[in-house]
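Hi,

Here is the structure I promised to pass on. Have a look at it first, and then read my notes below.

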Amino acid sequence: MDDLTHALIGTLIAKAGLERGHGKTATRLLWLSALFPDSDIVLSFFSLQTYILYHRGITHSFIALPIFALLLATLFYFLCPIKRFWYLTLLCGLGLASHIILDLITSYGTMIFYPLSDKRYALDYVFIIDLGFTALAAIPLLYLRLTKRRGERFCQMILLLLFVYLCAAAFQHKLVLNKLENICQEKRLVVLEMDALPQPPTLYNWLCLVKTPTGIYQGWLHLAQKVPFAFRWFPYPTSNGFIAAADRLDTTKLYHWFARYPIIEYKVGNPGGRHIVEYFDLRFNTRLFGLHHRPFILQIVFDNDLKVVSQSFK
């Protein structure tokens, strides 16, 4: 999820009773800990490949969580007035755990068992930016700030309400998967894999993807609208020397590891009759608040002799 939501949830957890006796200091430490896992954003300064390889890796791992909790607690022990080490460790651990869980329920993929495994887990319950979820966390905190109340019981109720929201999202996800399965059976598709991915702005919008032996089917499903469901088919391309050469590159192997529903497009472009092979993950073929959004496109450019002219992310 976005960092604003991570900070808000960290603040809510603190105000639900953990800041008692330590006030704003405990709250600040908890939301700082809730933001810490995304410190791996510094990887993007090296290259997008490095970012893709390691983002949501070690800092988002339940295996490494105790280590980071102890390290952060040690740092805060020397920098803040609170001198209860295990209390600080608890704050840091809860902040880190909240971040990992909130990222796990999105569709990007999180390596929660790194370094024991580099598999990316994704529950696909909510979009990476969920305005409803964020508002549900922000409005109560704004109310407490304006009224200058502590509101421990109130924050506990809000956390429970957020949990109910996520349960509703999980239920919607299961409902969409069942509908998608029925549609595939009606169309007699040979399904290798299928997923329903949440789309903004509400829990009613879903991106449906179905992988078959001949290609990938994509469609949008809105649970509140009775619109005939339609698939768009992305066939696998006929292999040629340029696609085969692109597939052998380390950058492309990284992309296949990262992507869940990759498609390949081959074209000949100018100048000089360059041969272009592009990879795109249909998981990111989203309609972001009404705008068509396609990030993480890998482009490999060859000359006529199969030599790589360039390889980059668009």
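Before the details, one definition: two strands count as paired if DSSP finds at least two bridges between them. Also keep in mind that this is a predicted model.

Let's start with the sheet that comes first in my notes. It is open, has four strands in the order β1-β2-β3-β4, and its pairing is antiparallel. β1 (193-198) and β4 (232-235) sit at the edges with a single partner strand each, so one side of each has no neighbour in the sheet. On average, neighbouring strands here are turned by 20° against each other, direction ignored.

Inside that sheet, β2 (residues 205-211) and β3 (residues 215-222) run antiparallel and are paired over seven bridges. If you want a spot to zoom in on, try L209: its bridge partner in β3 is Q218.

Now for the other sheet. It is also open, with four strands in antiparallel pairing and the order β5-β6-β9-β10. Which strands are at its edges? Those are β5 (262-269) and β10 (308-313), each pairing on one side only. Neighbouring strands in this sheet are turned by 15° against each other on average, again ignoring direction.

β5 and β6 (residues 274-281) are antiparallel and joined by eight bridges. Here you can look for K267, whose bridge partner in β6 is I276. A helix joins the picture too: α9 (residues 250-258) packs on this sheet and touches β5, β6, β9 (298-302) and β10. The direction of α9 makes about 25° with that of β6.

Cheers

How values were computed:
Residues numbered from 1 in each chain as written. Predicted model: local features only at pLDDT ≥ 70, side-chain atom pairs only at ≥ 80, totals over all residues. Heavy atoms only, no water. Helix = DSSP H or I, 4+ residues; strand = E, 2+ residues; numbered from the N terminus. Axes fitted to C-alpha atoms, helices over the stretch in contact; angles between N-to-C directions. Contact = heavy atoms within 4.5 Å.
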